[in-house]
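Student: I should like to request a close look at a single part of this protein. Please set that part in the context of the whole chain.

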Amino acid sequence: MTARSHGKRWTHLELKVVFNLYCRTPFGKLHKSNPSIMDVARRLGRTPSAVAMKLVNFASLDPIQQARNIKGLANVSKADREIWVEFSSDWERAVFESQEALLYQSDSVDGGHAEIKTVDEVQETERETVGRVRLVQRFFREAVLASYDYQCAVCRLDIPELLNAGHIVPWSKDVNRRADPTNGIAMCVLHDRAFDRGFITIDSRGHIVLSERAKRPTDSLLQKTGLLQIDGQPITTPTRFQPDPAALEYHREFIFLK
Ligand SMILES: [Zn+2]
């Protein structure tokens with residue numbers, strides 16, 4: 001551990017990069033031996049311990065963690081609090097700026113799933129060609145899936161390749177919310193599509209409501225277990241980024257098939 005890591009003041013962009021990492025890292029992996037944290041630390045010229053401490057500071061400011069009575073740390077700075085406010089008030093801009101700064105990050109925080117490109121691919125092709133949309137989409141997916149520990153919120157299927165980070169308010173309807181993880185829910189491909197097409201929605205208590213359109217006798221095992229039996233069941237509570245009640249209300253009103 002060097003004196004440098006303790007003495008050097010965190011720049012605003014560094015804090016945004018670490019907050020971006022915070023959003024995409026499952027809670028159980030917020031520790032200094034996580035390769036993604038070590039990688040970001042190396043890029044910032046800081047120790048993994050210093051980055052991990054900053055991540056824990058951000059966790060202590062997380063509304064969901066505060067609701068669980070996890071006490072804030074004494075060394076949380078005003079600047080740390082301001083980063084939370086900055087992201088929450090304009091996810092799109094803050095995510096883009098921090099994602100761009102992270103382009104050289106080599107590994108994905110979830111352990112390297114198939115669609116995440118390696119550093120060489122990112123450097124050689126994507127840096128020039130990937131636009132704002134791709135960067136924001138990548139963040140949204142990782143932040144939402146991490147928030148649900150890479151499980152479908154409806155059925156708990158946990159194969160990352162079969163999971164989507166679905167928007168509650170479709171991004172075609174509200175561009176400003178396309179990067180906002182509180183406008184997302186992790187779902188498997190079946191439930192993501194069913195939610196997207198309005199066959200299921202979520203009530204104000206966090207329980208699944210199945211559309212009458214999907215309630216019909218069937219011989220399909222998947223239809224029985226995947227749709228008929230989930231009616232009225234609670235969705236999983238995420239470790240951060242609770243679904244926004246206003247977004248869910250929009251979904252019930254305008255997407256759900258009544
Ligand atoms: Zn599912």
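What is the mean pLDDT of the protein, and what share of its residues reach 70 or more? With that settled, please examine strand β2 closely: are its residues buried or exposed?

Tutor: The model is a predicted one, and its mean pLDDT is 86, with 84% of the residues at 70 or more. Two stretches call for caution. Residues 1-5 have a pLDDT below 50, and beyond near neighbours in sequence this stretch makes six contacts in the model. The pLDDT is also below 50 over residues 105-117, a stretch with 28 contacts beyond near neighbours in sequence. Where pLDDT is low, predicted coordinates should not be read in detail.

As for the overall setting, the protein contains 12 helices and four strands. Of its 258 residues, 35% are buried. Among contacts between residues at least 6 apart in sequence, 66% join residues at least 24 apart.

Strand β2 covers residues 184-188, and five of its five residues are buried. In a regular strand, side chains alternate between the two faces of the sheet. In β2 both faces are covered: Gly-184, Ala-186 and Cys-188 are buried on one side, and Ile-185 and Met-187 are buried on the other. The pairing partner is strand β1, residues 163-167, which runs antiparallel to β2 and is joined to it by five bridges. One of the bridge pairs is formed by Ala-165 and Ala-186.

Ala-186 deserves particular attention. Leaving aside neighbours within four places in sequence, Ala-186 contacts Leu-163 and Ala-165, and also Val-144, Leu-145, Tyr-148, Gln-151, Cys-152 and Ala-153. Ala-186 is also one of three residues, with Val-18 and Val-144, that touch the most other members of the largest nonpolar core, a set of 54 residues. The largest share of this core, eight residues, is supplied by helix α9. Because domain 1 (3-147) and domain 2 (160-255) both contribute residues, the core lies between them. In soluble globular proteins, nonpolar side chains tend to be buried together.

Val-18, named above among the residues touching the most other core members, leads to helix α2, where Val-18 is buried. With 11 of its 13 residues buried, α2 is largely enclosed by the rest of the structure. The buried set runs through Glu-14, Leu-15, Lys-16, Val-17, Val-18, Phe-19, Asn-20, Leu-21, Tyr-22, Cys-23 and Arg-24. Their cover includes α3 (35-44), α4 (48-60), α6 (78-89), α7 (91-101) and α9 (132-147). The geometry of α2 can be checked as well: at 1.5 Å a residue, the 13 residues of this helix (12-24) should span 18 Å, and the end C-alpha atoms are 19 Å apart, which agrees.

Two exposed positions provide a contrast with the buried strand. Lys-215 lies in the loop between β4 (208-210) and α11 (221-226), and counts as exposed because it has 12 C-beta neighbours inside 10 Å. Leaving aside neighbours within four places in sequence, Lys-215 contacts Leu-210 and Leu-228. The C-alpha atom of Lys-215 is 8.3 Å from that of Leu-227, a residue 12 places away along the chain. Glu-253, in helix α12 (residues 245-255), likewise counts as exposed, with 10 C-beta neighbours inside 10 Å. The C-alpha atoms of Glu-253 and Thr-201, which are 52 residues apart along the chain, are separated by 9.7 Å.

How values were computed
Residues are numbered from 1 along each chain as its sequence is written. This is a predicted model: local features need pLDDT of at least 70, side-chain atom pairs count only at pLDDT 80 or more; totals for chains, interfaces and linings use all residues. The expected span of a helix is 1.5 Å times one less than its number of residues. A residue is buried if 20 or more other C-beta atoms lie within 10 Å of its own, exposed if 12 or fewer, and partly exposed in between; C-beta atoms are placed from the backbone. Two residues are in contact if their C-beta atoms, placed from the backbone, lie within 7 Å. pLDDT is the predictor's confidence in each residue, from 0 to 100. Two strands pair if DSSP finds at least two bridges between them. A nonpolar core is a set of buried Ala, Val, Leu, Ile, Met, Phe, Trp, Tyr and Cys residues joined through C-beta atoms within 7 Å. Domain bounds come from an automatic or database domain assignment.
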